[in-house]
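Student: Please give me a close look at one part of this model. After that, connect it to a few other places in the chain.

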Amino acid sequence: MNNKKNHINTEKEFISLINRTKITLVYSALGLLFPVGAWLFDLINSGLNISLQSVIDIHHTNPLHYLFDLSPFLFAIVGFVIGSRIDQQYTRNKKLFETQDQNFRVLLDFSEKIGMGDYNAELNVQGSDDIAKILVEMRDKLKGNAKLEQERNWIMKGVAEIGTILREHDDLDELSFEVIKFVIGYLDAVQGAFYVLEEGDDGEDNITMRARYAYNRKKYQLRDYKVGIGLIGQCAFEKDIVHRTEIPEDYVSITSGLVKDKKPNSILLVPLLTDQRLFGVMEFASISKFTEEHIKFVKEISDIIARTIFNIGTNETTRRLLEESQQMSTELQEQQVILQNNAVEMEKTQDQLKKQFEAVENQQKRQHALLAKSSEIITIYDKDGVITFQSPSVESILGYTPAEMVGENDFYRMNPAGEKAVQKMFDSLIVDSDQHLVAEYMYVKKDGKRVWLESTARNLLADPAIKGIVFNSRDITLRRKAEREEAMRGKMQALSENSQDIIMRYDLNGKLLYVNPKLQFYTGARKKDTEGKTLSSLSLHESIKDGWLEILETVKKEHKIISQEVDFPTEEEKLIMMVNAIPEYDKSNKLETVLLVSHDITSRKKQELIIQETNRKITDSINYAKRIQHAIIPIREDIEQDLKEFFMFYKPKDVVSGDFPWYYKKDDLIYFAAVDCTGHGVPGAMMSLIGFLLLNDIVNDIVDWTPSEILDRLNIGVVETLKQHRKENSAADGMDVAICRIDLKNNELQYAGAHRPLYFVRNGELTQYKGDKYAIGGRQYKGDARFTNHSIKLEKEDSVFFFSDGLPDQFGGPENFKFGPKRIRETIVEHHNKPMNEIGEIFESKLEDWMVDQPQFDDVLLIGIRF
């Protein structure tokens, strides 16, 4: 083999030498071109007719020609070197190819072994190969999956075997033994025990051993364990698998039910659970350690074994009940024979009893009919106040059935005063049984209505036929109502006689049925000369009679209360009466009479005229103030010349407002502000005029003040104007301001705020610039604090929003909350792409919907600008 390998290497070296020789000869041939060319050049320059010796002499006179003569040797050397380099590169590439080919064949062989299921195949390749790493990882994963599949098949096979055993046995002892015997063999264990949860004689749960199997033979020594005692009890209490590998010498005879043939090295306790309900425990011991595969298997079978135990218990209970039922049926048949014999004897007496029963029943029916139709309710109470008898008439009078009343104390259905009176009467009868007492009280019927009852009570506790306190009650609601109406008529008569108003009652024919003395006071007509006469026949001023007659006819036509003013001339002056006409109906709800009450409202009418005139003057003054305030409000057309897209939502609470927008154009700068003065209405409007004049005065300066500097100077101006720097001055009026300075030439916006923020929106994202936490003016101490100036470089489609506190502080909505700044920000972000005037309309609509029935809380001002 070595000779063959040496022969191949020699052959390869020979081929490599031939290749280098070829390249050297080619380069040598190229080198010959240079001297041949030099000779031909010299020959042509010397003329073709000279001798060869002359050409040689000429050739040797040029030193460069010597270099040309050596060129074939130089090119041969270069060719040999290049040939050697090419041959070395070829050899390296061929060796690399051969290595890769060998690795490929190894990988192919490895893949075929994996495909045929040989997951223990080894892979050895030369060098580092990514494909080899991937194939090794694939082999390891397939090997792991095959192992898992093998474990699962083993578990499922055992589950199937257990299922067969469970289906073949319905006796718990036989089933316990067969199950424990199979599982011990399947787990390669040496010992095992099967326990069932049963109720002990002391009423507590015990873990009772039903089967034990060790070293391939059945064991008969059985034991019981308490739940929570020993490992068996611990497993039952915790309802979880217990796996121990360190076993004490005396364990199997002390805390376990296993026999002590040989000390095991591993103990496995499995609770038999289904739906988290414990039915028993299985215990296994093994010389070798139980594996995870074993633990998974016993987990799988624990549920189906527990369900089978439950089913066996149910079946046993059913069988026991069936046997008891059959025994009872036999006993009943025997008793039935006895009863049939007795029935013959009882039949003879039944006819006699039937006749007596019919006589008693007829008597009861007559009594029940009398009691049901009675206008009185008969109630019998025991000494504790519990009803023992209730007459049927209670249903027609109060709505309750006797069954609903018997067995309860019904005092709680009485009004508080009535309950107290009845309880007092009841207690008095208990003390003195010879009394006959009466009480009146209000009682709640079943339909919720209230009636007045009068009860006469007697103590018949000593009567053996009654044994109670008897109440005879009747409905006196109508009597009480009549008594109350009579008393009310007496009071009304007294009130009418002493009233300061003219009170008259007419029938439908206009006849005066009653008049109080005040008619004589106002008209001089005496009461005795007017009663019984018609209204038209009375000696009164015609305008008075016409007014009253008109009102009477309206009441008779419309059947409702009429209120109307009537001129009432007297000898001293002309009065004005407010006449209220009230229709009165009889028991059949038919109009019977009309009550006229005439009240002198002359003084009140005079006061109303004075108030109306005063209100007119105040309204004229406020409207004039409104015209003045509107004059300082910027005109939309003027703003549109500088800002093409903006909106200004301005909604004063009253005729005049404490909020106002301020706009000022100075050279290339635009000032725009939302100002919220203290209060609203006229006081707010006065403050707004002060703010407007001060702002104009500040920006008219030669200096282009920044917004923060403007607020500093506005604060000084308000304090000095209202003299708030004086201690004796208690005025705390001021204003909140959000002010912007817009430089359209340099695309810059500057902002400052006194209690008011600015919302800046770019590409749909909102940024909030907060104002400083102190206002303009007022008595808030600021010290040397200055307002903060914010500068923003503007881009196309940027927008800003600033506003007073009227919109966020407006109450409304379904739960009457404030509108809030958050809802303003959400609305801006949601609609930021829409035109500015449309956004303003959206805010106006949202505010109206939010307020619903709530009044406007404050002036509202919101300004939006898009650049």
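Tutor: Start at the surface, where Ile-430, Val-431 and Leu-461 make a nonpolar patch of about 270 Å². A patch is built from residues with over 30% relative accessible area and no salt bridge; like charges are joined within 9 Å, and nonpolar side chains (Val, Leu, Ile, Met, Phe, Trp, Tyr) within 5 Å. The accessible areas come from the Shrake-Rupley method with a 1.4 Å probe, and for residues only the protein chains shown count as cover.

Before going further, note that this is a predicted model, in which local features need pLDDT of at least 70, side-chain atom pairs count only at pLDDT 80 or more, and totals for chains, interfaces and linings use all residues. Residues are numbered from 1 along each chain as its sequence is written, and side-chain values use heavy atoms, with hydrogens and water left out.

Leu-461 sits in the loop that runs from strand S11 (450-460) to strand S12 (468-475). Strands (E, at least two residues) and helices (H or I, at least four) are DSSP runs, numbered from the N terminus. Leu-461 counts as partly exposed because its relative accessibility is 31%; under 20% would be buried and over 50% exposed, with partly exposed in between (1.4 Å probe, protein chains only).

Lys-467 belongs to the loop between S11 and S12 as well. Its relative accessibility is 54%, so Lys-467 counts as exposed. Its phi is near 50°, a positive value in a residue other than glycine. Most residues other than glycine have a negative phi. Asn-589 is another non-glycine residue with a positive phi, about 60°. Asn-589 lies in the loop between strand S16 (574-585) and strand S17 (591-600), and at 60% relative accessible area Asn-589 is exposed.

Now step from the loop into S12, where Ile-469 is found. Ile-469 is buried, because its relative accessible area is 0%. Ile-469 and Ser-433 are 36 residues apart in sequence, yet their C-alpha atoms are 9.2 Å apart in space.

Two other pairs can be described in this way. Thr-554, in helix H15, is 27 residues from Ala-581 in sequence and 9.2 Å from it in space, C-alpha to C-alpha. Thr-554 is partly exposed at 22% relative accessibility. Gly-777, in strand S25 (residues 776-777), is separated from Asp-733 by 44 residues in sequence and by 6.7 Å in space, C-alpha to C-alpha. Gly-777 is buried, since its relative accessible area is 3%.

Helix H15 also brings us to salt bridges. A salt bridge is a side-chain nitrogen of Lys or Arg within 4 Å of a carboxyl oxygen of Asp or Glu, and by this rule the count comes to 29. In one of them, the side chains of Lys-545 and Glu-542 meet at 3.3 Å, N to O. Both residues lie in H15 (residues 542-558), three residues apart, which is about one turn of the helix. Lys-545 is buried at a relative accessible area of 6%, whereas Glu-542 is partly exposed at 48%.

Glu-558 pairs with Lys-560, the closest N and O atoms being 3.5 Å apart. Lys-560 is partly exposed at 44% relative accessibility, and Glu-558 is partly exposed at 40%.

A further salt bridge joins Arg-866 to Glu-645, with the closest N and O atoms 2.8 Å apart. This pair links distant parts of the chain, 221 residues apart: Arg-866 is in strand S30 (residues 860-866) and Glu-645 in strand S18 (residues 645-651). Arg-866 is buried at 10% relative accessibility, while Glu-645 is partly exposed at 26%. Elsewhere, salt bridges that share partners join Glu-440, Glu-454, Arg-474, Arg-479 and Arg-480 into one network.

Last, take a pair of helices. H20 (residues 820-830) packs with H21 (residues 836-851) at an angle of about 140°, their axes 11 Å apart. That makes H20 oblique to H21; angles under 35 degrees count as roughly parallel, over 145 as roughly antiparallel, 65 to 115 as roughly perpendicular, and the rest as oblique. The axes are lines fitted to C-alpha atoms, for helices over the stretch in contact, and angles run from 0 to 180 degrees between N-to-C directions. H20 passes H21 in a right-handed crossing, where right-handed means the near helix is turned clockwise from the far one by less than a right angle, and left-handed means anticlockwise.
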